[in-house]
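Visitor: I am new to this structure. Please take a close look at a single part and explain how that part fits in with the rest.

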Amino acid sequence: MNPIGTIVCKILDGYGLTDSIICEKLKKDWDKIFKEPLSSHIEPHKFTNGELLIIVDSHTWLNEINFLKDSIIEKLSPYGVKNIIFRFGRIFRKEDS
């Protein structure tokens with residue numbers, strides 16, 4: 001008999017939802033994982049097969065963040081992140097209620 005968690009994971013994998021769920025969990029935990037000012041300039045965008053696409057809001061931060069790549073991967077490894085790609089783009093933050 002399989003534990004329910006194993007069965008649920010197989011179902012989610014079958015529909016391709018596991019990566020999306022991990023990405024949403026990362027978005028929820030982002031401000032706990034990274035402190036200011038870093039957390040306000042980077043945002044997880046898409047997670048696929050262990051690779052996380054992170055949007056960076058300025059070219060200056062994009063240049064600087066590459067020096068932190070290994071430490072960022074280490075912080076995100078509990079979520080299954082094995083590699084990250086940084087890309088310049090607009091960050092959409094939800095307003096605090």
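## A helix and its surroundings

Guide: Of the contacts in the chain between residues at least 6 apart in sequence, 56% join residues at least 24 apart. The model is predicted, and the part chosen here is helix α4, residues 69-76.

Some background comes before the helix. The chain has 97 residues, of which 31% count as buried. Four helices and three strands are found in the chain, and along the sequence they follow the pattern α-α-β-β-α-α-β. About 7000 Å² of the chain is exposed, with carbon and sulfur atoms supplying 57% of that area.

Now to α4 itself. Its buried residues are Ile72, Ile73 and Leu76. These three lie on the same side of α4, because they cover an arc of only 100° around the axis. An α-helix has 3.6 residues a turn, so residues three or four places apart point the same way. On the other side of α4, Asp70 and Glu74 are exposed.

What do the buried residues of α4 pack against? They pack against two helices, α2 (18-33) and α3 (59-65), and against two strands, β2 (51-56) and β3 (83-88). Leu76 gives a detailed view of this packing. Leaving aside residues up to four places away in sequence, Leu76 touches Leu26, Trp30, Ile33, Phe34, Leu52, Ile54, Val81 and Ile84.

Leu76 also appears in the largest nonpolar core, which has 19 residues. Together with Leu52, Ile54 and Ile84, Leu76 is listed among the residues with the most contacts inside that core. Two or more residues of the core come from each of α2, β1 (42-48), β2, α3, α4 and β3. The element that gives the most is α2, with four residues. In soluble globular proteins, nonpolar side chains tend to be buried together.

The strands that α4 meets belong to a sheet. Three strands form this open sheet in the order β1-β2-β3, with mixed pairing. The edge strands are β1 and β3, each of which pairs on one side only. From one strand to the next, the twist averages 25°. On this sheet packs α4, which touches β2 and β3 and makes an angle of about 120° with the direction of β3.

The two strands that α4 touches pair with each other: β2 and β3 run parallel and are joined by six bridges. Within that pairing, Leu53 stands opposite Ile85 and Glu51 stands opposite Asn83. Five of the six residues of β2 are buried, so this strand is largely enclosed by the rest of the structure.

The remaining strand pairs with β2 as well. Between β1 and β2 there are six bridges, and the two strands run antiparallel. In this pairing, Glu43 has Ile55 of β2 as its bridge partner. The two strands form a hairpin with two residues between them, and Asn49 in the turn has a positive phi of about 50°. Across β1 and β2 lies α2, running at about 165° to β1; α2 is also one of the elements that the buried residues of α4 pack against.

Notes. Residues are numbered from 1 along each chain as its sequence is written. This is a predicted model: local features need pLDDT of at least 70, side-chain atom pairs count only at pLDDT 80 or more; totals for chains, interfaces and linings use all residues. Side-chain values use heavy atoms; hydrogens and water are left out. Buried means under 20% relative accessible area, exposed over 50%, partly exposed in between (1.4 Å probe, protein chains only). The arc is that of the directions from the helix axis to the C-beta atoms. Contact means heavy atoms within 4.5 Å. A nonpolar core is a set of buried Ala, Val, Leu, Ile, Met, Phe, Trp, Tyr and Cys residues joined through side-chain atoms within 4.5 Å. Accessible areas come from the Shrake-Rupley method with a 1.4 Å probe; for residues, only the protein chains shown count as cover. Two strands pair if DSSP finds at least two bridges between them. Axes are lines fitted to C-alpha atoms, for helices over the stretch in contact, and angles run from 0 to 180 degrees between N-to-C directions.
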